[in-house]
Amino acid sequence: MATLQIDKAVKTYGTQEVLHGISLDVADGEFVVLVGPSGCGKSTLLRMIAGLEDISGGEISIAGRVVNELEPKERKIAMVFQSYALYPHMTVAQNMGFSLKLEKASTDRIKQEVQRAAQVLQLEALLDRYPRQLSGGQRQRVAMGRAIVRNPDIFLFDEPLSNLDAKLRVTMRAEVKALHQRLGTTTVYVTHDQMEAMTMADTIVVMRDGRIEQAGKPLDLYNAPQSLFIAGFIGSPAMNLISGQCRHAGGSPRFMAANGATWPLPVDSLAQDGQSIVYGIRPEHLDIAEDGDIALNVTVVEPTGAETLIHGRAGADELIVNIRGHLDIAPGQTLRLAPQMDRIHIFDQQTARRLQAGD
């Protein structure tokens, strides 16, 4: 196992800079997920760690050793790609041990390492099969086994589950997390799926336009997003975001939406009278209440079994409400809503940064 330090890493293609001084410390044994929209630079950063992309500026260190000039095979990393890239003419055992064979490891060592990895991944019964005889999830486990046999200091995963169907992705998500818990190897995992990031990571690093937008524990990003981008990106369904102004007239400060509806403001709001702000509330933090401040005209109802998603309009603003269980309601009805006061998020409209005490 090893630490990973990235200090002001820059990547340029010609005159275009695509990574702008990325700095990140990954602790020994930590599971870090790089997440963000397509083109944010997460895969480029991962490939720079692996040595598959040259670093244009800054330093990358693994276990205290600067690796900028080292070839991938000298960095003691193992990478699992989106594509399984298994050799069709080789058995599972031969695929998993191939990298050790290239290193001219002894037959006994190869067999020992393949058996160890197969036991970890529950592949013992499949070692004599060929890739065509395996399911998608089994093939991905073989690709992971090929990485395990190398005993790397760091595992790198580049969107390894994106080719799997939705149900299998959920299963493999748990398997990758369980693998990390068993091996304890430092891991950097890239995905565009914020749900994967939330469920798997010790630390989430959200990237945007070649920069780190926010990094922290999953629930810290969920409970205290530091920007409008994070507020809209983390959480499913996405946070409701409403534009308007802070008004102090007539007693307690209130939020006045652009359509004239008024919402309560939390006590930790730092918004000033007349300031243009964005009011954020997650769908699961809106309660149905007879004396609620907000009237919601229901447009769509989505029962999912355990939850009911209600889409509607409050004036000109579209909102989503997430209610536990089943609710007997139909489009065209009106609901009164009350936001949970300790779950309200306030952002400055101009800077898009959070406006709450203690943040």
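This is a short dialogue on reading a predicted model of one protein chain.

Me: Where do I start? How many helices and strands does the protein chain have?

Reply: Start with the inventory. The model is predicted. The protein chain has 8 helices and 20 strands. Its C-alpha atoms fill a box of roughly 80 × 45 × 35 Å along the principal axes.

Me: What share of the 359 residues is buried?

Reply: Buried residues make up 50% of the 359. Then look at the surface. The accessible surface of the chain is about 17000 Å². Carbon and sulfur atoms account for 48% of that surface.

Me: How do I read contacts along the chain? What percentage of those with a separation of 6 or more joins residues 24 or more positions apart?

Reply: Compare place in sequence with place in space. Among contacts with a separation of 6 or more, 67% join residues 24 or more positions apart. Tyr279 and Phe347 give a case: they are 68 residues apart along the chain, yet their C-alpha atoms are separated by 6.6 Å.

Me: Let's stay with Tyr279. Is Tyr279 buried or exposed?

Reply: Tyr279 has a relative accessible area of 0%, so it is buried. Tyr279 sits in strand E14, residues 276-281. Setting aside residues up to four places away in sequence, its contacts include Phe255, Trp263, Leu265 and Ile346. Its side chain also has a polar partner. A polar atom there lies 2.6 Å from the backbone oxygen of Pro264.

Me: Which other residue can I pair with Phe347?

Reply: Try Ala231. Ala231 and Phe347 are 116 residues apart in sequence, and 9.5 Å apart from C-alpha to C-alpha. Ala231 lies in helix H8, residues 228-233. Its relative accessibility is 0%, so Ala231 counts as buried. Beyond its neighbours within four places, Ala231 touches Pro225, Met239, Leu241, Arg282 and Phe347.

Me: How do I find a nonpolar core? Which members of the largest one touch the most other members?

Reply: Look for buried nonpolar side chains joined to one another. The largest nonpolar core here has 47 residues. Met96, Met144, Tyr189, Ile204, Val206 and Ile234 touch the most other members. Helix H3, residues 107-121, gives the largest share of this core, with 6 residues. A second, separate core has 28 residues, including Val32, Ile55, Val67 and Val190.

Me: What does Ile234 contact outside its neighbours within four places in sequence?

Reply: Ile234 is in contact with Gln194, Met198, Val206, Leu221, Tyr222 and Arg282.

Me: How do I read the faces of a helix?

Reply: An α-helix has 3.6 residues a turn, so residues three or four places apart point the same way. Now take helix H2, residues 92-102. Its buried residues are Val92, Asn95, Met96, Gly97, Ser99 and Leu100. These residues pack against H3 and helix H4, which spans 136-148.

Me: What happens just after H2?

Reply: Check the backbone angle. Lys104 takes a positive phi of about 60 degrees, although it is not a glycine. Lys104 is in the loop between H2 and H3. With 75% relative accessibility, Lys104 counts as exposed because the cut-off is over 50%.

Me: Which other residue has a positive phi although it is not a glycine?

Reply: Ala63 has a positive phi of about 55 degrees. Ala63 lies in the loop between strands E4 (57-62) and E5 (65-66). Its relative accessible area is 47%, so Ala63 is partly exposed.

Me: Where is there a cis peptide bond?

Reply: Read omega. From Ser236 to Pro237 the peptide bond is cis, with omega near 0 degrees. Pro237 lies in the loop between H8 and strand E11, 240-247.

Me: How do I read a buried polar residue? What does the side chain of Thr203 pair with?

Reply: Look for its polar partners. The side chains of Thr203 and Glu30 form a polar contact of 2.5 Å. Thr203 is in strand E9, residues 203-208. At 16% relative accessible area, Thr203 is buried because the limit is under 20%.

Me: What polar contacts does the side chain of Arg354 make?

Reply: The side chain of Arg354 reaches the backbone oxygen of Pro225 at 3.3 Å. It also makes a polar contact with the side chain of Gln356, at 3.2 Å. Arg354 is in the segment after strand E20, 345-348. Its relative accessibility is 14%, so Arg354 counts as buried.

Methods. Residues numbered from 1 in each chain as written. Predicted model: local features only at pLDDT ≥ 70, side-chain atom pairs only at ≥ 80, totals over all residues. Heavy atoms only, no water. Helix = DSSP H or I, 4+ residues; strand = E, 2+ residues; numbered from the N terminus. Buried < 20%, exposed > 50% of the residue type's maximum accessible area, 1.4 Å probe, protein only. Contact = heavy atoms within 4.5 Å. Areas by Shrake-Rupley, 256 points an atom, 1.4 Å probe, with all protein chains shown as cover. Polar contact = N/O pair within 3.5 Å; in protein donor to acceptor, adjacent residues only side chain to side chain. Core = buried A, V, L, I, M, F, W, Y, C linked by side-chain atoms within 4.5 Å.
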